[in-house]
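Here is a short tour to read alongside the model. Have the sequence and the 3D view open as you go.

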Amino acid sequence: MNQGLLLRFENLVQLRGACWQLRALSSRKVCGPQWKPVQLSAHPMEYVLLHPQLWPKHRLISAASSQCRHLATKEETKKKKKKIPLTRGEVEIRQKMTVEELAQAMGKDIDHIYEALLYTDINLDSVEPDSILHEDHIKMIVQKSGMKYKSAKLKEEKERKNTDAVKRQVVNYPAVLTPRPPVVTILGHVDHGKTTLLDSLRKTQVASMEAGGITQHIGAFIVHMPSGEKITFLDTPGHAAFSAMRARGTNVTDIVILVVAAEDGVMQQTIESIQHAKNAGVPLILAINKCDKPEADPESVKKELLAHDVVCEEFGGDVQAVNISALKGENLMVLAEATVALAEMLELKADAMGLVEGTIIESRKDKGKGPLTTAIIQRGTLRKGCILVAGKTWAKVRFLFDENGKAVDAASPGIPVEIMGWKECPSAGDEILEVESEQRAQEVVAWRTYAEQQEKMKKDLEVIEAKQKEHRLEYEKKQEKLAHLTWRQRKAVLYKANKHLMFSRPKERTEVDENTLSLIVKGDVDGSVEAILNILDSYDCEDECKLDIVYFGMGDISENDINLAEAFNGVIFGFSVKANESIKKLADKKGIKIKLHNIIYKLIEDLKDELNSRLPSAVVETTIGEASVLDTFSVTVGKNKIPVAGCRVHKGLLDRKMKFKLIRNRDVIWKGRLASLKHHKDDVQVIKTGMDCGLSLDNNLEVSIGDEIICYEEKEVQQTTSWDPGF
């Protein structure tokens, strides 16, 4: 009996083992290549079945459960991608997405991607989960799935530590602060005598050196008073084009001397100068110039200024007014004493110790010295060897020069100085900060460049998204128009629409618009280039001729400028720069125009002439004679009846060589040539005022009594641009 029970138990165990094998096989079928057989113990299954002492109940249960647990927690199944919930059916796509990444982004399985790829020309046998899909195929898959796509935003980099240089804290200890000379800016309208005034104070000939007697860029000078005081003067341009330079001058100044010509009174740049001073919170001193002229009226000037909130002391205000003659040197010391008195009231002091701080007034490139900047020192003392940062460039100071070009060893607060040693030209108006080492300077420049790039990337991304949205809307509109057609009809329509592009040559597709003026702008200093670009920004006649600024910069005309002008069929405009003989010969050989000027309004006039030459000629009609139709009749010529108009000339003359037009009820009915012109029975060439004639029009056109016959001449006239730069 024990033997029978044992056999029955063996059969039961074998049946149980068979069940587990069937279950394992089904798991293998579902899991595919991920399933692997696992040895449960050191003893094979047959050995367990033949030896009852080795297969207790808990051992079998644990073995079976361990096999199930292994299949569920296998390493490959841990990597199974989770479905990501979508927001409003939108899928973020990017370039070079794999099949697996796209499935994850869409919240679908890979088989769904394969199914969508059946509608493309891709060979599915070559597609693997890590295969990279083309952007067009990605968009098509998303659309086929009934979803919308949007471009993924640029990945935000790990937040970078701000390593920018900053100003020192303001120190208010009287022992540290030392007196400094006042920085005085001379403002006013063009040609009101600002440079002549400064010239008289310095007893030099600055005005005669300036082209046309007009200041083209800022000059910074020190004037030594007989009493020993120093005054730093900034002479800013009065021309309308240099508004930004005047604003920059007031931002670093302590006192503004407003120069107004006694015979001209308040002008446009005078009002603008007052506004600059108010915005900067700087006190004014009024200098009424040219008082030596017979037509001078200083009192009228003072009354005009009341309308602009400039109240002189005699009217109960706080603005000092001094009548001067800069040319003859009258009352100049009175003006200087008024400036010194106002500076004493302001108690101007600065910290001459510690790291240097200042502001760049002007920058330029010198052929021998490289990039140079004129700066006003505001804190600290600048010496040779100092490491400076301004904008996105830095300098190790090699030399310092005063306004006369003489080398100096140091520059204290309030002193203008020219700095040599910059890696590149910084922009006028940039803040100068001294740093500890060259490594620190490079770190600051790298951070500022990075910050600018990040800002530009954000703006570019906004533009890209807007363009994509615009293109998507256009595409949807086109699809709506073709929605009622079958795919064959749609394909035929698209083929016909794009046929002319398919068979055109590449040169024809990328034809440059001839009605475009490409410019290369070169200037002597940064402020001059800035002023020219500000004027060009006001250009608003793109429908007449497009204006394209290919390049702008500082320095003389170079071979690179010639090559750029040749590539873009452009014109080179230079302001206060030179072009050597070899450059001129190269330009002549390549047919490139080089236009050099020293006065800004002449440069703009030349630019307008160049724009005019790019405009197509306009046809202008000039009336030569007018006649009225008094009667109509027909003349038989062969078998044909020709309508003839009997006319009388009441203005000018009718010349058969010219063109004619027929006017009926103020509408032009016909334009063309006369078939015949007769006086009585004679063929004539000209009919004068008061004479009668018979005429027939070409094409045997019939006329009516009361019609007007106009004889006119067409002339081609060169058009002129309607752009008004403001001066």
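## A nonpolar patch on the first helix

Start with Leu 12, which sits in helix α1, a helix covering residues 2–31. This is a predicted model, and in it Leu 12 has a relative accessibility of 52%. That value makes Leu 12 exposed, because the label applies to anything over 50%.

Leu 12 also has company: together with Phe 9 and Leu 15 it forms a nonpolar patch of about 300 Å² on the surface.

## Cysteines

How many disulfides does the model hold? The count is zero.

Two cysteines are worth finding in your viewer. Cys 312 has a relative accessibility of just 1%, so it counts as buried. Cys 386 is buried as well, because its relative accessible area of 11% falls under the 20% limit.

## How far to trust the coordinates

Across the protein the mean pLDDT is 78, and 79% of the residues reach at least 70. Confidence peaks in strand β14 (residues 387–390), with a mean of 94, and is lowest in helix α2 (residues 45–50), with a mean of 38.

Which stretches call for caution? One is residues 27–87, where pLDDT stays under 50 and the model has 46 contacts beyond four places in sequence. Another is residues 204–218, also below 50, with 40 contacts in the model beyond near neighbours in sequence. Where pLDDT is low, predicted coordinates should not be read in detail.

How values were computed. Residues are numbered from 1 along each chain as its sequence is written. This is a predicted model: local features need pLDDT of at least 70, side-chain atom pairs count only at pLDDT 80 or more; totals for chains, interfaces and linings use all residues. Side-chain values use heavy atoms; hydrogens and water are left out. pLDDT is the predictor's confidence in each residue, from 0 to 100. Helices (H or I, at least four residues) and strands (E, at least two) are DSSP runs, numbered from the N terminus. Contact means heavy atoms within 4.5 Å. Patches are made of residues with over 30% relative accessible area and no salt bridge: like charges are joined within 9 Å, nonpolar side chains (Val, Leu, Ile, Met, Phe, Trp, Tyr) within 5 Å. Accessible areas come from the Shrake-Rupley method with a 1.4 Å probe; for residues, only the protein chains shown count as cover. A salt bridge is a side-chain nitrogen of Lys or Arg within 4 Å of a carboxyl oxygen of Asp or Glu. Buried means under 20% relative accessible area, exposed over 50%, partly exposed in between (1.4 Å probe, protein chains only). A disulfide is a pair of cysteine sulfur atoms within 2.5 Å.
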